[in-house]
Amino acid sequence: MRLSRRQLLGAGLTLATLPLLAAGRQRQPVVLSAGWDGDEQWCAGTLEHASAPLPARGHVLVPDPQRYGEAIVVARRPGYYLARIDWRRGKLLKQFALEDERNLVGHAVFSQDGRYLITAETDENTGAGRLAIRDARSFKRLEDRPSHGVGPHEILWLNPHTLVVANGGILTLPETGRYKRNIDRMDPSLVLIDSRDGGLLQEYRLPDSKLSIRHLAVTADGAVGTALQNESSNTSPMLAILRDGQFAYASTPPELAQAMRGYAASLAALGNRFLMPCPTGNLLTEWSSEGQATAQLSLPRVFGAAALPDRWLASGEQGELWQLVPGKLTVQASQRYPHHWDNHLTVV
């Protein structure tokens, strides 16, 4: 029986993940980020060599699982380009202008066989959230599926057949740029999507519709953390967790909610812990996968979060990189680089 293109794509999205590192070869972890220099020259790459030029501000870097040394840069919301860079040489390899009726919202993932790139997008004609399945080399759109919400942002693999998508609930359109057009009608949601056919498996909402669901991380015990951004006040929880089929706010003392100032910039997981930076409050926070606050540390304009096997990494807008002890958030080491780092750190 001959398979249709849709069936072939569905199979490609669920094949076993190809390792980034060849068997038997050991490489030291490399940390990637988008950023800018002092006169707003946008760039992306490693912390030491963030010299691949970008046409506009980037948001996240997605390492290519088939080509060590290359990564995809996704433009910041609302964005209109995808770029492939060689982060070892600091070179821009390919730039792709998005189709006229679409904008990117900052995040993408590779299919599990590395052949396709799945990008979170907004349809500018309807305002609907979309997941575009693109050829990983040409960036040509091969298939188009709903995100089952408005304003999709981060996408993660929950298991080989399930994507988890944070629908932020905020509508932006090209004529008004980053202006949020529907604050009074926000509808954020966390959804689980079948990667084989794009069907909706589960949908979750929080009681407060003004909390935009933005960034995601999954702990070793399967809890899905969601970093939030408050569009109405600065005194709410900034972390919600999907655990055992229940989606609820993390247990947040009022003084901690106040200190986070209504904005979480990113989220990382290590073991059964989450790390969440809150740059508006100059605060880094750590949480258990069950939603208990375990540690906090004051750090200036802390945006990025990532994990190595034995420690946390966090980045600051002024070029800082901190290494921190899990469970305590004491600083093991810190260094300052000559670039301003954007919201996300990616470890290869």
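This report walks through a predicted model, from its overall make-up to its sheets, its largest pocket and a few residues with unusual backbone geometry.

**Overall make-up**

Let's start with the whole chain. The protein has 348 residues, and 56% of them count as buried. Its secondary structure consists of two helices and 29 strands. About 14,300 Å² of surface is accessible, and carbon and sulfur atoms hold 47% of that area. If you take the contacts with a separation of 6 or more, 50% of them are between residues 24 or more positions apart.

**Two open sheets**

Two four-stranded sheets are worth a look in your viewer. One has the strand order β16-β17-β18-β19, with antiparallel pairing. Its edges are taken by β16 and β19 (246–249); each has a single partner strand, so one side of each is left without a neighbour in the sheet. From one strand to the next, the twist averages 25 degrees. Inside this sheet, β17 (residues 224–230) runs antiparallel to β18 (residues 239–243), and four bridges join the two. To find the register, look for Ala227, whose bridge partner in β18 is Leu239.

The other sheet is also open, in the order β20-β21-β22-β23, and here again the pairing is antiparallel. β20 (268–270) and β23 (293–298) are the edge strands, each pairing on one side only. The average twist from one strand to the next is 20 degrees. Between β20 and β21 (residues 273–278), which run antiparallel, there are three bridges. Leu270 has Arg273 as its bridge partner in β21.

As a reminder when you look at any of these strands, side chains in a regular strand alternate between the two faces of the sheet.

**A hairpin and the strand pairs side by side**

Another pair to pick out is β10 (residues 129–135) with β11 (residues 141–146), an antiparallel match over five bridges. These strands form a hairpin with five residues between them, and in the turn Phe139 has a positive phi of about 70 degrees. Arg134 is matched with Arg141, its bridge partner in β11.

The table sets out the three pairs.

| Strand pair | Bridges | One bridge partner pair |
|---|---|---|
| β10 and β11 | five bridges | Arg134 and Arg141 |
| β17 and β18 | four bridges | Ala227 and Leu239 |
| β20 and β21 | three bridges | Leu270 and Arg273 |

**The largest pocket**

Rolling a probe the size of a water molecule over the atoms shows where empty space is left. In this model, the largest pocket has a volume of about 1,100 Å³. It is lined by 34 residues, and the closest to its centre are Pro63, Glu154, Leu156, Thr346 and Val347. Which strands supply at least two residues each of the lining of the largest pocket? They are β4 (58–63), β8 (102–110), β12 (152–159), β16 (211–218), β20, β24 (302–308) and β29 (346–347). Two of these names have come up already: β16 is an edge strand of its sheet, and β20 is an edge strand too.

**Gly35, a buried glycine**

Gly35 is part of strand β1 (residues 31–36). Is Gly35 buried or exposed? Its relative accessibility is 2%, so Gly35 counts as buried, the cut-off being under 20%. Setting aside residues up to four places away in sequence, Gly35 touches Gln41, Trp42, Cys43, His340, Trp341 and Asp342. Gly35 and His344 are 309 residues apart in sequence, yet their C-alpha atoms are 9.4 Å apart in space.

**Backbone points to check**

Most residues other than glycine have a negative phi, and most peptide bonds are trans. A few places in this model depart from that pattern. The peptide bond from Arg77 to Pro78 is cis, with omega near -20 degrees. Pro78 sits in the loop between β5 (70–75) and β6 (81–86).

Arg261 is not a glycine but has a positive phi of about 60 degrees. This arginine is located in the loop between α2 (254–260) and β20. With a relative accessible area of 37%, Arg261 is partly exposed. Arg301, likewise not a glycine, has a positive phi of about 45 degrees. Its loop lies between β23 and β24. Arg301 counts as partly exposed, at 33% relative accessibility.

How values were computed:
Residues are numbered from 1 along each chain as its sequence is written. This is a predicted model: local features need pLDDT of at least 70, side-chain atom pairs count only at pLDDT 80 or more; totals for chains, interfaces and linings use all residues. Side-chain values use heavy atoms; hydrogens and water are left out. Two strands pair if DSSP finds at least two bridges between them. Axes are lines fitted to C-alpha atoms, for helices over the stretch in contact, and angles run from 0 to 180 degrees between N-to-C directions. Buried means under 20% relative accessible area, exposed over 50%, partly exposed in between (1.4 Å probe, protein chains only). Contact means heavy atoms within 4.5 Å. Accessible areas come from the Shrake-Rupley method with a 1.4 Å probe; for residues, only the protein chains shown count as cover. On a 1 Å grid over the protein atoms alone, a cavity is a set of points where a 1.4 Å probe fits but cannot get out, and a pocket is an open set with protein on both sides within 12 Å along at least five of seven lines; lining residues have an atom within 4 Å of a point. Grid points are joined across faces, edges and corners, and a volume is the space filled by probe spheres set on the points.
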